[in-house]
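The following exercises concern a single protein chain. Please study the sequence and the structure before reading the solutions.

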Amino acid sequence: MLRYVLKRLLQVIPVLIGVSIIVFTILRVFSPDPAPVVLGQHATAEAVTEWRNANGLNDPLPIQYFNFIKGIFTGDLGTSYYTKKPVLDEITSRFPATIELAVLATIFASIFGILIGVVTAVKKNSIWDNLGMFFALIGVSIPIFWLGIMLIIVFSGTLGWLPSGQRIDPL
């Protein structure tokens, strides 16, 4: 058993390396140059070059990748272009809300999933069974990002029951 666990843990290393290469490539190849975004549309070519040099964007890609990995291991994820704060601080300030949302969503899904499952098992081949199966199929089929946007539009935009951009105190 210990050998199996160690083998699985060692398999994580190439996966993490592969994921880091894919993320780095996507960030460098498919995202626009951040210099004009940060400096503004009317920035001079010299200012853009100077900013790119200061942020290591003119370095060769292997050096940029090494700096990317070094930043991950040292906790230096850079500075946000928008807030000018360290990215790690931005992440840690939002992490409690993420955990709160994940825990509440898990509790909500578990309660309603078990409830609907019991009802559909007890009322087999009835309208309740069909409705339960319908909602289960819808829940599995709808992309979660789209459902989230639709729920924000309905409950915040249309009905005005919830705020859309900030956390609320449940107490």
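**Exercise 1.** In which helix do E90 and R94 both lie, and how many residues apart are they?

*Solution.* The model is predicted: local features need pLDDT of at least 70, side-chain atom pairs count only at pLDDT 80 or more, and totals for chains, interfaces and linings use all residues. Residues are numbered from 1 along each chain as its sequence is written, and side-chain values use heavy atoms, leaving out hydrogens and water.

Step 1. Both E90 and R94 belong to helix α5, 4 residues apart, about one turn of the helix. Helices are DSSP runs of H or I with at least four residues, numbered from the N terminus.

Step 2. An α-helix has 3.6 residues a turn, so residues three or four places apart point the same way.

Step 3. The side chains of E90 and R94 form a salt bridge at 2.6 Å, N to O (a side-chain nitrogen of Lys or Arg within 4 Å of a carboxyl oxygen of Asp or Glu).

**Exercise 2.** State whether E90 is buried or exposed.

*Solution.* Buried means under 20% relative accessible area, exposed over 50%, and partly exposed in between, with a 1.4 Å probe and protein chains only. E90 has 14% relative accessibility, so E90 counts as buried.

**Exercise 3.** Describe the span of helix α4 and the residue just after α4.

*Solution.* Step 1. Helix α4, residues 61–74, has 14 residues. The expected span is 1.5 Å times one less than the number of residues.

Step 2. From first C-alpha to last, α4 reaches 20 Å, close to the expected 20 Å.

Step 3. G75, just after α4, takes a positive phi of about 85°.

Definitions and conventions. Helices (H or I, at least four residues) and strands (E, at least two) are DSSP runs, numbered from the N terminus.
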